[in-house]
Amino acid sequence: MKCGAMKILFVASEAYPLVKTGGLGDVLNSLPHALHGRGADIRLVLPGYRDLLRQLGEVRILGWLDVRGAEGTVGTRVLETRHPDFDFPLWVVDCPALYDRPGNPYLQAGGQDWPDNAERFAVFARVAALLAQDALELGWQPAVVHTHDWQTGLVSAFLADQPARPKTVFTIHNLAYGGHFSHTDFVRLQLPSHWWTPEGVEFHGGFSMLKAGIVYADAVTTVSPTYAAEICTPAFGHGLDGLLLSRQHKLHGILNGIDTRLWNPSTDANLPAHYSAGRVQPGKRRNKQALLDRFLPQAGEAAMRAPLLGLVGRLVEQKGIDWVLAAIPVLLAESDARFVLLGSGQPVYEQKLARLARQFPDRVFVVIGYDEALAHQIEAGVDVFLMPSRFEPCGLNQMYSLRYGTPPVVFKTGGLADTVVDADAEALAEGSATGFVFDVPGVAAFLEAIRRALDLYRQPAAWRRLQQAGMRQSFDWADSAAHYLDLYSS
Ligand code: ADP
């Protein structure tokens, strides 16, 4: 289905490769790209962070917009640029006082939030809402404004009161980040006082930008059908389950795809050897060898035969890192497994993982940091991928691992439940199994699932079938884009 030239304004706080802290960044590259491929006319507006501005080539000033900030009026400049990774113009909100800072878009070097995040993203939202109404008189009026996560939650709220306005869609990529701020911030930012009710943005004495998106957007989506159902329950709702339940009529779960241009084991430029579902070996083995060579230069045949388990991700409670930390010593004692772990996050997890690596230097390899190339090499080079998230809105890494012939071990939640088929007897027999799913939260069930994986790994024919079933799954963005287009036009 083509959508003609439906104009869609994307508003987001990150987009790969310009700025990315997690899956949100990936989606903001892939989804607009897929929609553009189906004929949509897209603009993507981002804040002008220092690192982002530095990556831009030629820019054109579209105009100036003054909006209300925390202390009075804030002057912003809207830039337009073209970037080789985007097939449509990018718009950048340039405001040095708010965005020209080093490092992470949301956090200071010490890991605390920027103290003026309320102002930074309220100003961004005000400017985006003005652009959505063609305040710069560019002759480009979107039919739909698609906003993402708490940083853009106020956009729908600002637009809600406008008479002739585009439709608004708000996507929750992770309900755990609520964009909570104080009443003082609310007052200083001069947000409309009628928003200050439990039916508006008020949340436990403060206000939540995420809640604003849920309340005021015409449609709310989240990134997998299972997560869409889970967030309407107290266990997953972060205090917003009641609200979400009452808005179920406008809540949709649309599974993310993965970027198969970047994540394709037969072309991936980060890999030392390529392979495909039709011919997994010797390519995948060569990737394992290269990964082992990096961490264990004297690795012999025994290390190649032993199972290698990997993990890539943010080291936070959500990702079940404590379960991984508890499981590794048990597995080291009872099997010949080795581990490669890449991530950064909470200092306590970083330290504990680094300590494990020091204790077992020839079996546990840990890289603390963010390393895109190594993430690809781990997906390709390990035998089993670990992703025991307590909750997972969609999750990309398990889809990458499926595509790279690396069966994942996952907890049955959110997008993990929607994308991995457990290797139980029946699924194995019919060839639909793609990984190992445990459904009781905790280390014991996680360990049981890993043991099942290690058992099957010792059965080469069954293992190959499992790998190939995963590699043949389609997680194409074209499918997701079609769902979003249906939603935009409904
Ligand atoms: P989340 O968005 O919760 O962080 P996802 O699985 O949806 O989790 O997406 C994570 C994305 O970030 C993936 O593209 C993954 O490869 C990448 N990633 C996470 N941590 C790292 C890291 N330390 N180095 C490289 N890539 C990482």
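In which loop does P17 lie? I began with this residue, working throughout on a predicted model, and I found P17 in the loop between β1 and α1. The peptide bond that leads from Y16 to P17 is cis, and its omega is near 5 degrees.

**Entry 1, backbone geometry**

I then looked for other unusual backbone angles in the loops. A cis peptide bond also joins Q281 and P282, with omega at about 5 degrees, and P282 belongs to the loop between β12 and α10, the helix of residues 283-295. I noted D134 as well, since this residue has a positive phi of about 55 degrees although it is not a glycine; its place is in the loop between α4 (117-132) and β6.

**Entry 2, the sheet of 9 strands**

I traced the strand order next. An open sheet is formed by 9 strands, which follow one another as β3-β4-β5-β2-β1-β6-β7-β11-β12, and the pairing is mixed. At the edges I found β3 (59-68) and β12 (251-253), each of which pairs on one side only. Neighbouring strands of this sheet are turned against each other by 25 degrees on average, with direction ignored.

I followed the sheet inward from β3. This strand and β4 (residues 73-83) run antiparallel and are joined by 9 bridges, and I checked two of the positions: L65 stands opposite T76 in β4, while the bridge partner of G63 in β4 is V78. The hairpin of β3 and β4 has 4 residues between the strands, and in it G72 takes a positive phi near 150 degrees. From β4 the chain passes to β5 through a hairpin of 2 residues, and these strands, which again run antiparallel, are joined by 6 bridges. R77 has D94 in β5 as its bridge partner.

Which strands does helix α1 lie across? I listed β1 (7-11), β2 (41-47), β5 (86-94) and β6 (144-148) for this helix of residues 23-37, which runs at about 130 degrees to β5. Helix α7 (residues 209-216) also packs on the sheet, where it touches β7 (167-172) and β11 (219-222), and its direction makes about 135 degrees with that of β7.

**Entry 3, the sheet of 6 strands**

I turned to the other open sheet, in which 6 strands with parallel pairing have the order β15-β14-β13-β16-β17-β18. Here β15 (364-368) and β18 (436-438) stand at the edges, and because each has a single partner strand, one side of each is left without a neighbour in the sheet. The twist from one strand to the next averages 20 degrees.

For the edge at β15 I looked up the pairing with β14: the two strands run parallel and are joined by 5 bridges, and L342 has V367 in β15 as its bridge partner. Helix α18 (residues 443-457) packs on this sheet and touches β13, β16 (384-387), β17 (408-411) and β18, its direction making about 160 degrees with that of β18.

**Entry 4, the ligand and its shell**

Which residues come nearest to the ligand? Of the 20 residues around the ligand, I recorded G23, D26, R314, K319 and G369 as the nearest. I then went through individual atom pairs. The side chain of R314 has an N or O atom 2.7 Å from an oxygen atom of the ligand, and a polar side-chain atom of K319 likewise lies 2.7 Å from a ligand oxygen. In L396 the partner is a polar backbone atom, which is 3.0 Å from an oxygen atom of the ligand. On its own the ligand has 560 Å² of accessible area, of which the protein covers 94%.

Which elements supply at least two residues each to this shell? I found α1, β13 (308-315), β14 (338-345), α14 (372-381) and α15 (397-403), and β13 gives the most, with 3 residues. By character, the shell residues divide into 7 nonpolar, 7 polar and 6 charged.

Looking back over the entries, I see that α1 appears twice, as a helix that lies across strands of the mixed sheet and as a supplier of residues to the shell around the ligand. The strands β13 and β14, which also supply this shell, belong to the parallel sheet.

Methods: Residues numbered from 1 in each chain as written. Predicted model: local features only at pLDDT ≥ 70, side-chain atom pairs only at ≥ 80, totals over all residues. Heavy atoms only, no water. Pairing = 2+ DSSP bridges. Axes fitted to C-alpha atoms, helices over the stretch in contact; angles between N-to-C directions. Contact = heavy atoms within 4.5 Å. Near = heavy atom within 4 Å. Polar contact = N/O pair within 3.5 Å; in protein donor to acceptor, adjacent residues only side chain to side chain. Areas by Shrake-Rupley, 256 points an atom, 1.4 Å probe, with all protein chains shown as cover. Nonpolar A, V, L, I, M, F, W, Y, C, P; charged D, E, K, R; others polar.
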